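Here are my notes on the model you asked about, written for someone opening it fresh. Keep the viewer at hand and follow along point by point.

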Amino acid sequence: MTTFSTPPEHVTRALRERIEIVPYDPDWPRRFEEEVARLRAPLPPESIGRIEHFGSTAVPGLAAKPIVDMLVEVPSMSEVAQRIAPLLQQRGYEYFWRPEEPGLPGIAYAWFIRRDEEGRRTHHIHCLEKGSSEWERLLFRDYLIAHPEIAAEYAALKQRIAAESPEDRVAYSQAKGDFIARVMRLARTP
């Protein structure tokens with residue numbers, strides 16, 4: 001696995017893209033289902049398991065970035081690097097990954113961006129192994145669906161942050177951290 005001292009151009013571009021929060025689009029669930037079929041078509045059946053719609057576009061009524069987030073179960077991160085990434089890259093997906101530890105081989109996390117003809121992001125595909133703690137993201141989604149008042153609070157927060165840092169995706173993600181942590185604590189409480 002190659003490590004980069006300077007991020008590849010597609011990584012730098014992705015980090016600087018403008019953040020736009022839009023009203024809920026009832027078409028997002030259909031776009032999720034279409035992408036499930038698009039992903040399953042070229043990949044060997046044993047390469048992917050369950051696929052979940054998560055994130056703000058999975059919460060009815062919630063304002064969001066117009067990008068459908070998906071969690072895709074994979075057998076291993078090496079399967080992503082060796083089989084899945086080449087197939088999806090041939091179809092125009094951008095491949096991103098984080099190493100397990102700086103300087104050591106191996107992937108801890110992998111995801112893809114799919115774009116439309118104009119170059120706008122349409123989907124984020126996050127690859128997770130079956131036992132990954134990242135599956136807990138579904139608790140956040142489910143809590144927001146069950147608590148529309150908390151979802152509305154989240155929408156207002158995202159709109160404020162996007163207005164303050166419209167081209168800084170790292171700052172945008174970090175600024176949501178405390179809210180997400182609070183909701184996750186609530187979601188884990190029986």
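The points below go from the whole chain to its strands, then to one strand residue, one helix residue and the empty spaces.

1. **What you are looking at.** Before anything else, bear in mind that this is a predicted model. The chain has 190 residues, and 45% of them count as buried. Its accessible surface comes to about 10,300 Å², with 53% of that belonging to carbon and sulfur atoms.

2. **The order of elements.** There are seven helices and five strands to find. Going along the sequence, you'll meet them as α-α-β-β-α-β-β-β-α-α-α-α. Take the contacts between residues at least 6 apart in sequence: 65% of these join residues at least 24 apart.

3. **Strand β2 and its partners.** A good place to start is β2, which covers residues 68–74. Strand β1 (residues 51–54) runs antiparallel to β2, and four bridges join the two. If you want a landmark for that pairing, I51 stands opposite V72. β2 also pairs with β5, this time in the parallel sense and over seven bridges. There, look for V74 opposite E129.

4. **How covered is β2?** Seven of the seven residues in β2 are buried. Side chains in a regular strand alternate between the two faces of the sheet, so it's worth checking each face. On one side sit V68, M70, V72 and V74, on the other D69, L71 and E73, and all of these are buried. Note that the second set includes D69 and E73, and both faces of β2 are covered.

5. **β3, β4 and β5.** Next, move to β4 (residues 107–115), where eight of the nine residues are buried. β4 pairs with β3 (residues 94–99) in the antiparallel sense, over six bridges. R98 has Y109 as its bridge partner in that pairing. β4 is also antiparallel to β5, again with six bridges between them. Here F112 in β4 is matched with I125 in β5.

6. **The hairpin turn.** β4 and β5 form a hairpin with five residues between them. Have a look at G119 in that turn: its phi is positive, at about 90°.

7. **V74 up close.** Is V74 buried or exposed? V74 has a relative accessible area of 4%, and because the cut-off for buried is under 20%, V74 counts as buried. Leaving aside neighbours within four places in sequence, V74 is in contact with S47, I48, V80, I84, C127, L128, E129 and K130. One of these, L128, is 54 residues from V74 in sequence, yet their C-alpha atoms are 5.8 Å apart in space.

8. **E79, a charged residue under cover.** You'll find E79 in helix α3. With a relative accessibility of 13%, E79 counts as buried too. Once residues up to four places away in sequence are set aside, E79 touches S47 and I84. Both S47 and I84 also appear among the contacts of V74.

9. **The cavity.** Which residues line the largest cavity? They are L39, L43, I48, V72, I84, L88, I125 and C127. The cavity has a volume of about 30 Å³, and the structure holds one cavity of 30 Å³ or more. Two elements give two or more residues to the lining, namely α3 (77–90) and β5 (121–129). By class, the lining has eight nonpolar residues, no polar ones and no charged ones.

10. **The second largest pocket.** Finally, turn to the second largest pocket, with a volume of about 270 Å³. It has 15 lining residues, and those closest to its centre are R18, E20, R120, R121 and R169. Sorted by class, this lining has ten charged residues, three nonpolar and two polar. Put that beside the cavity, where no charged residue is found in the lining.

Conventions: Residues are numbered from 1 along each chain as its sequence is written. This is a predicted model: local features need pLDDT of at least 70, side-chain atom pairs count only at pLDDT 80 or more; totals for chains, interfaces and linings use all residues. Side-chain values use heavy atoms; hydrogens and water are left out. On a 1 Å grid over the protein atoms alone, a cavity is a set of points where a 1.4 Å probe fits but cannot get out, and a pocket is an open set with protein on both sides within 12 Å along at least five of seven lines; lining residues have an atom within 4 Å of a point. Grid points are joined across faces, edges and corners, and a volume is the space filled by probe spheres set on the points. Ala, Val, Leu, Ile, Met, Phe, Trp, Tyr, Cys and Pro count as nonpolar, Asp, Glu, Lys and Arg as charged, and the others, Gly among them, as polar. Buried means under 20% relative accessible area, exposed over 50%, partly exposed in between (1.4 Å probe, protein chains only). Contact means heavy atoms within 4.5 Å. Accessible areas come from the Shrake-Rupley method with a 1.4 Å probe; for residues, only the protein chains shown count as cover. Two strands pair if DSSP finds at least two bridges between them.
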